[in-house]
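These are my notebook entries on one protein model. I record what I looked up, entry by entry.

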Amino acid sequence: MNANAPKHAAKHSRKTHTPISVTPVIAIIGGSGFYELLGFEPDKPLSIQTPYGLVEGIEQGFWAGQPIVFMMRHGSGHKVPPHNINYRANMWALKTLGVRQVIAINAVGGIGEGCAPGALVVPDQIIDYSYGREHTFADVLTDKLNHIEFAEPYTPSVRRALLASATTLALPVITAGCYACTQGPRLETAAEIKRLQRDGNTLVGMTAMPEAALARELEIQYGAICIVANWAAGLSDQPITLAFIHQTLKEAVAKVQPWLQHYLSHYQ
Ligand code: HPA
């Protein structure tokens, strides 16, 4: 049990799911536009009660020969906006299931050179501009260090493995990027994007935080694949439309599926 777990945590853990014989090491968290794993035939969806609330619709089963968990960040039906996602419950549920590594899929806007719609990026840094989100399990100070080390928010070994997998597949991927996490759900103003650019960000999205930090608090390795859905506000002549975003994501997701399968079957 995590040292920061509330006292009532134990009574909630592992209550409402059917145990499986193999502990899933990896969870894939799907974001906007990424709602399924091709050919994945999960068991009945699980509900996990956590000290932070109930998480429903978690899928567990074998994919690419590995026991995995698939979680939809925005809930089934994609109904929960980024600022209302119960990040703590989601990550706690994964820890309860025994997950030791998360691969997060994030739809993002492109800011940096080359981060054009359709590009795939394995980010290495984050700047957090979100606010008012429940962002830590450290509700009380304990004699364990609450101040987690977070210089590298994405686990370097996971990043290296994702990139090695992409290289083997000859899949063009941008090998680093700084993810600006904005509050949403609205898109940014052109001036906000200029500021994010000056700050050194190359991607903008709404969901990397506090997810990445909570994973670190629970000692879960964390890597991400960012799918660029659109040029960020003010960086293209065209207005950003949902139709464009959906079409771009659809095409890019088709490349991410075999990448993930290869990653799972060769690097786990
Ligand atoms: N900004 C923030 N989040 C996003 C964007 C964007 O332009 N595109 C997809 N997610």
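**Entry 1. Pocket lining.** I sorted the lining of the largest pocket by residue type and found 17 nonpolar, 13 polar and four charged residues. The model is a predicted one. I then looked up the volume of the largest pocket, which is about 580 Å³. Of the 34 residues lining this pocket, Ser32, Ala107, Leu187, Met206 and Ile245 are the closest to its centre. I also asked which elements supply at least two residues each to the lining. They are β5 (101–110), β9 (203–205), β10 (221–231) and α6 (242–267).

**Entry 2. Confidence.** I checked the pLDDT before going further. The average for the protein chain is 90, and 90% of the residues score at least 70. Residues 1–19 have a pLDDT below 50, and the model gives this stretch 34 contacts beyond near neighbours in sequence.

**Entry 3. The chain as a whole.** I counted six helices and ten strands in the protein chain. The chain has 268 residues, of which 51% are buried. I also looked at contacts with a separation of 6 or more: 83% of them are between residues 24 or more positions apart.

**Entry 4. Gln257 in α6.** I returned to helix α6, which holds Gln257. Is Gln257 buried or exposed? Its relative accessible area is 4%, so I list Gln257 as buried, the cut-off being under 20%. I noted which residues Gln257 touches when those up to four places away in sequence are not counted: Phe34, Glu36, Leu37, Leu38 and Trp63.

**Entry 5. Strand β4 and its partners.** I examined β4, residues 66–72, and found six of its seven residues buried. Strand β1 (residues 26–30) runs parallel to β4, and five bridges join the two. Within this pairing I located Ile28, whose bridge partner in β4 is Phe70. Strand β3 (residues 53–63) also pairs with β4, in the antiparallel sense and over five bridges. There I found Glu59 opposite Phe70. Phe70 thus appears in my notes on both pairings, with Ile28 and with Glu59.

**Entry 6. Ile68 in β4.** I chose Ile68 as a residue to follow within strand β4. Ile68 has a relative accessibility of 1% and so counts as buried. Which residues does Ile68 contact, leaving aside its neighbours within four places in sequence? I recorded Pro24, Ile26, Ile28, Leu37, Phe40, Glu59, Gln60, Gly61, Trp63 and Leu264. For the pair Ile68 and Phe40, which are 28 residues apart along the chain, the C-alpha separation is 9.9 Å.

**Entry 7. The β3–β4 turn.** I looked up the connection between β3 and β4, which form a hairpin with two residues between them. Ala64 lies in this loop. Its phi is near 50°, a positive value in a residue other than glycine. With a relative accessible area of 26%, Ala64 is partly exposed.

**Entry 8. A further positive phi.** I found Ala170 to be another residue other than glycine with a positive phi, near 55°. Ala170 is placed in the loop between α3 (156–168) and β8. Its relative accessible area is 65%, so I list Ala170 as exposed, the cut-off being over 50%.

**Entry 9. Cis peptide bonds.** I noted a cis peptide bond joining Gly184 and Pro185, with omega about -5°. Pro185 belongs to the loop between β8 (178–181) and α4 (190–198). I noted a cis peptide bond between Met209 and Pro210 as well, with omega about 10°. Pro210 sits in the loop between β9 and α5 (211–217).

**Entry 10. Helix α2.** Why do I describe α2 (residues 87–96) as largely enclosed by the rest of the structure? The reason is that nine of its ten residues are buried. I listed the buried residues of α2 as Tyr87, Arg88, Ala89, Asn90, Met91, Trp92, Ala93, Leu94 and Thr96. Just after α2 I came to Gly98, with a positive phi of about 95°.

Technical notes
Residues numbered from 1 in each chain as written. Predicted model: local features only at pLDDT ≥ 70, side-chain atom pairs only at ≥ 80, totals over all residues. Heavy atoms only, no water. pLDDT = per-residue confidence, 0-100. Contact = heavy atoms within 4.5 Å. 1 Å grid on protein atoms, 1.4 Å probe; cavity = no way out; pocket = protein on both sides within 12 Å on 5 of 7 lines; lining within 4 Å. Points joined across faces, edges and corners; volume = space filled by probe spheres on them. Helix = DSSP H or I, 4+ residues; strand = E, 2+ residues; numbered from the N terminus. Nonpolar A, V, L, I, M, F, W, Y, C, P; charged D, E, K, R; others polar. Buried < 20%, exposed > 50% of the residue type's maximum accessible area, 1.4 Å probe, protein only. Pairing = 2+ DSSP bridges.
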